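Reader: I would like to learn how to read the way helices pack against each other, and a few smaller features besides. Could we go through them one at a time?

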Amino acid sequence: MSNFNEAKAVFKRYGVDVEKALEELASIPVSLHCWQGDDVTGFDHDGPLTGGIQTTGNYPGRARTPEELMADLDQVIKLVPGAKKINVHACYAIFEKGEFVDRDKIEPRHFKKWVEFAKKHGMGLDFNPTFFSHPMAASGLTLSSPDETVREFWINHGRACVKISEYFAKETGIPCVMNIWTGDGLKDVPADRLGPRLRYKDSIDKILADYDKNLVKPCVESKVFGIGVESYTVGSAEFALSYAAKKGCLPLMDNGHYHPTEYVSDKISALLAFFPEIALHVTRPVRWDSDHVVAYDDETREIAKEIVRNDAIKRVYIALDYFDASINRIAAWTVGARNMQKALMYAVLQPNRRLKELQDAMNYTELFVLQEELKMLPYSDIWEEYLRRQGVPGDEWFDIVKKYEKDVLSKRK
């Protein structure tokens, strides 16, 4: 506590009220993605992961059932501070024994256990239609398919997901962010780029034709390319951004879904100038959309800083999106979520008003000097106190994960 008080005094000299900052930090919800626990396998199919995405690694202990996945997520929740939501994909529908319903006919009742889980933790739920890993997605085209039967199947899936999203919001009392992303595209150079995009637009129009705007926050997410669709992506950045602007839904930016020299942190303020709300999937691309575990790196901190210093905490929906099967999945889940929290803490502890004043005064020398000095302030002492107040373990969290691996994960064969 003495270290915290000393650190608090240091930040005060820079004009930062640490108590107010920690109160703000604790209020920022981050949506934890359920698919880190089982390598995006889900419960509605036995086939491989397809659709331009891939999970690498075979670390033992993957969750195989809803019960195992929720038990693992329980462990993560205990180790991560701050406000949280749970992000669920449609392929995580939970059927009664002997029951199966295809994706175009899923209903809210198939997600009742997720609602019960969220309520137990006092959290909201976010949702994602699953336009991959299904026979109807085998061609690499879903909502943009020239085959009307295929397209209609996926439109019905999207409509079903809207109803499920409304159910989530009604049950938890928290609006549900529903994200539409497909891996639609072509492996080689297309003869027609416009046709698939017009079909894609029409399909999303039909999915979002009827929903309660107080309950559901629909998003459209773009991507540069995926495995097997390297030459052409239907839902490009330009398409997704234009659709959201025209139709009044949210643009969702995944910082792995752009070219390597593009930074989502720079795009946030551009979108906030035009959109009341936006959404993010935070990940860590290495050369491409490789979905590495979020690190406490420059870009993650810049993303957090843009949200905080633009007073956009209530305008930006933050979710995590990565899946690493090469290391302990609970550790991957936990360290990535804690790193997002660290980045947000770093952001709320910045003297943002002073920095803006220096920029507006074109005092770039002092601005640069101050930005560099801020990097060496005692953030770790503030972090340790924040964890204590949140009732979350400090450095010993990994010992808890190792024990869980020994007692639980190692017994999954």
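Author: We can, and please keep in mind that this is a predicted model. A good way to begin is with the residues that touch: Glu-67, Leu-69, Met-70, Leu-73, Asp-74 and Ile-77 in α3 meet Lys-113, Trp-114, Phe-117, Lys-120 and His-121 in α4. Sorted by class, this contact between α3 and α4 has 6 nonpolar, 1 polar and 4 charged residues.

Reader: At what angle do α3 and α4 pack, and how far apart are their axes?

Author: Helix α3, which covers residues 66-79, packs with helix α4, residues 112-121, at an angle of about 20°, and the two axes lie 12 Å apart. Because angles under 35 degrees count as roughly parallel, α3 is roughly parallel to α4. As for the sense of the crossing of α3 and α4, it is right-handed.

Reader: Which residues of α3 and α10 make the contact between those two helices?

Author: Let us take the geometry before the residues: α3 and helix α10, residues 329-348, pack at an angle of about 35°, with axes 9 Å apart, and the crossing of α3 and α10 is right-handed. On the α3 side the contact is made by Leu-69, Asp-72, Leu-73, Gln-75, Val-76 and Leu-79, and on the α10 side by Ile-330, Trp-333, Thr-334 and Arg-338. The classes in this contact of α3 with α10 are 6 nonpolar, 2 polar and 2 charged residues. If you compare the lists, you will find Leu-69 and Leu-73 of α3 in the contact with α4 and again in the contact with α10.

Reader: How are α1 and α2 arranged, roughly parallel or roughly perpendicular?

Author: Helix α1, residues 2-13, and helix α2, residues 18-26, pack at an angle of about 100°, with their axes 9 Å apart. Since angles of 65 to 115 degrees count as roughly perpendicular, that is how α1 stands to α2. Phe-4, Lys-8 and Phe-11 of α1 make the contact with Val-18, Glu-19 and Leu-22 of α2, and by class the contact of α1 with α2 has 4 nonpolar, no polar and 2 charged residues.

Reader: Turning to cysteines, how many disulfides does the count come to?

Author: The test is whether a pair of cysteine sulfur atoms lies within 2.5 Å, and by this rule the count comes to 0 disulfides. Cys-91, for example, is in no disulfide, with the nearest cysteine sulfur, that of Cys-34, 7.0 Å away. The sulfur of Cys-161 is 9.7 Å from the closest cysteine sulfur, in Cys-176, and so is too far for a bond. Both residues count as buried, Cys-91 at 1% relative accessibility and Cys-161 at 0%.

Reader: Why would a positive phi be something to look for in a residue other than glycine?

Author: A positive phi is worth a look because most residues other than glycine have a negative phi. Here Arg-287, although not a glycine, has a positive phi of about 75°, and its place is in the loop between β10 (284-286) and β11 (288-292). Asp-291, likewise not a glycine, has a positive phi of about 55°, and this residue is found in strand β11.

Reader: And which of the two words, buried or exposed, fits Arg-287, and which fits Asp-291?

Author: Arg-287 is exposed, with a relative accessible area of 79%, whereas Asp-291 counts as buried at 5% relative accessibility.

Terms used
Residues numbered from 1 in each chain as written. Predicted model: local features only at pLDDT ≥ 70, side-chain atom pairs only at ≥ 80, totals over all residues. Heavy atoms only, no water. Axes fitted to C-alpha atoms, helices over the stretch in contact; angles between N-to-C directions. Helix = DSSP H or I, 4+ residues; strand = E, 2+ residues; numbered from the N terminus. Parallel < 35°, antiparallel > 145°, perpendicular 65-115°, else oblique. Left-handed = near helix turned anticlockwise from the far one by under 90°. Contact = heavy atoms within 4.5 Å. Nonpolar A, V, L, I, M, F, W, Y, C, P; charged D, E, K, R; others polar. Buried < 20%, exposed > 50% of the residue type's maximum accessible area, 1.4 Å probe, protein only.
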